[in-house]
Amino acid sequence: MKRSLAAALLAGGVLSAPAVANAQDDGKTITAVMHSGLRVLDPVITTAHITRDHGYMIYDVLTAVDENFEPQPQMADWDVSDDKLTYTFTLRDGLKFHDGAPVTGKDVVASLTRWGKRDSGGQMIFDVTESLEAPDDKTIVWKLSEPFPPLLNVISKQSAVPPFIMPERVAETSPDEPITDYTGSGPFVFNSDKYEPGASVTYDKFEDYVPRDEPPSWMAGGKKVNVDHVVWTTMPDNLTAMNALAAGEIDYLEQVQVDLLPVIENAPDVTVEMRDPLGFVTIGRPNFLHPPFDNKKVRQAALLALSQEDVLATMMGSDKYYKVCGAIFGCGTPLGDESGSEPITSGAHPEEAKKLLEEAGYDGTPVVLMQPTDVVSLTNQPVVAAQALRQAGFNVDMQAMDWQSVVQRRAQQNPPAEGGWNIFFTNWMVPEISDPLINVMVNGRGDDAWFGWPDDPAIEKLRDDFALAEDQEARKAAAVAIQKHVMDNVNYIHLGEYNMPQARRNSIQNMIPSPVPVFWNMTKEAE
C-alpha cells in the first residue's frame, strides 16, 4: 500500500514557473511566498508542513489547542463521562462544507477514522476504541475500552497530522491513497481552476463560513477572513522573493534566509520578525528497511559522525538564531530532557564512528541521501551531513531534488537502487514534537510508522506507559526513558533547535503569532 501511495503522489504534477500576482491591488488579495511549493493536497497522507498549511486553509477541526496548549471547542463542544470512557461531541450550528452541504456527525466519524489510521497518536487512541458513532447529525459518541487521558490533547494538536474534517464521501478514501475531492469545511475554498502544482495555489474566502465568537488563539477561536483571496506563489530563490517583497510584488515571505537579512531589514514598508518564539527542530531520519541503516551500529555511527553545532551554524549562520539542544521533546518544554545526547551535542566523533562501522561490518553500501534544493531551512543540512558521513567512512550518494520531490519519494519503501532512499533531513515545530503521542518520529509501528518505518516494540511500550501515566511525574519518567531509547537506537538524529525569521509588508496587519502560518484574522491595509 505504501508503494501504491508513493506512485500516486509522484503523479501529482510538475513544477512550472511561478505566476506572481501584484500585491498592490485593491486590498482584497494577499500574495504570499511560502517555504515550499504545494503539490500534495491530502493532509492525511503526509506530514509535510506546506500540505498541513493547505489543510488549515480549507478545513476546520473538531477541537484545537490555543496558545496555552489547552484544547478548546472549534467545530464542537464535548462532555466526558465520569468513568472517562465516553466522549460526546456536539457540533455547533452553522457548519457547512464548501458545496453547501451541512457538516454532520457521519462526516466527523469518517474523517476521524481515516486520520486515526495514519496519525501516530490517533493509532493509539483507536487501539482502545470500542466504538465511534454518530447517533444523529449533530452528535458524535466516542467510546473507549479503557481510559486514554490524552485523547483531547491528541485530537486538538495543531500538527503533524491534524484531524481535519472532510465530507464522508471524501474521508472514505483509503488512507493509503490521496483524495481527489477537495471540498472543505474551513474558512477558505481551494480554487482548483487556478491551481498550478508546485507553482501557485489560490484560495477564495468561503462566504458561508461561520467563525466562532471567541478571539483567535493559534488554531482555536474565531477564524474571521478579512480578504477575498490568498495566493501562494513559489519562488525557490530567497533573494528573488525578498526583492519582490521590498518592491511590493508580494505581501508575505514565510522564511527569510538569515545571511540575506541585510537585504530586507532596512527596506521601507517591510517588517522582519519571528512568527513564533518556540521555533523549530531539525532532524535526520534513517530508513530502517534497507542496508545500511537497518543495522543499529551503523545508525549509531551516523549519529557519532554528525555535530549539531556544525549543522546549525552552517544552516543559520548566526548563533542568535539557533541553539544546541539534546532534548528530543524540546529544550524548555515540560518533557524536555537531554539524557544520552552527549554524542550529538558535543561535536563530531568521526574516529568513534569508523570503529562502529568496522564492528558492524559495513561494506561500503551507498547511502542515498536526499538533498532538497529549494527550501531555505533545508538546503544546508544534507551538505554538512554528507561531508561528515564521508569523513567517518560512509559511501554517500547525495541526490539533489526539490523539496516536494523529497516529500513524494520518502513515501516509497523501494530499495534505494530502485527509487528509494536511506536518509533525509527535515524540520518540525517544537509544539509538534513536544510529547511522545504527537512526535511522529517516536512511532515504532513498522509499516504503520512514519517514513523510515522502524519496527520498535520497546518504544511502543514506553509510549503506552506515557499515555497511561496518572500524573506528570510518571509522564516525565516515561518521556525520559523514550529520550534515552531514541538516542541509543537512533530512531532519528536530533540536530538541535533554530528559529527562522519571516517578513511582511507593513500593510499586512493582525497576523496571529502562531507556529502555523494562518491567514484568517489578517487584514491588508492601503499603503
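Strands (E, at least two residues) and helices (H or I, at least four residues) are DSSP runs, numbered from the N terminus. This is a predicted model, in which local features need pLDDT of at least 70 and side-chain atom pairs count only at pLDDT 80 or more, whereas totals for chains, interfaces and linings use all residues. Residues are numbered from 1 along each chain as its sequence is written, and side-chain values use heavy atoms, with hydrogens and water left out.

**View 1. The largest cavity and its lining.** On a 1 Å grid over the protein atoms alone, a cavity is a set of points where a 1.4 Å probe fits but cannot get out, and lining residues have an atom within 4 Å of a point. The largest cavity has a volume (the space filled by probe spheres set on the points) of about 180 Å³. Its lining comprises 21 residues, of which His35, His49, Leu378, Thr426 and Asn427 are the closest to the centre. Helix H2 (49-58) and strand S17 (423-429) each give two or more residues to this lining; S17 supplies the largest share, 4 residues.

**View 2. The second largest cavity.** The volume here is about 130 Å³. Among the 16 lining residues, Met34, His35, Met235, Pro236 and Asp374 lie nearest the centre.

**View 3. The buried residues of helix H15.** Ile459, Glu460, Leu462, Arg463, Phe466 and Ala467 of H15 are buried (under 20% relative accessible area, 1.4 Å probe, protein chains only). These residues lie on the same side of H15, because they cover an arc of only 160° around the axis (taken from the directions from the helix axis to the C-beta atoms).

Notes
Buried < 20%, exposed > 50% of the residue type's maximum accessible area, 1.4 Å probe, protein only. 1 Å grid on protein atoms, 1.4 Å probe; cavity = no way out; pocket = protein on both sides within 12 Å on 5 of 7 lines; lining within 4 Å.
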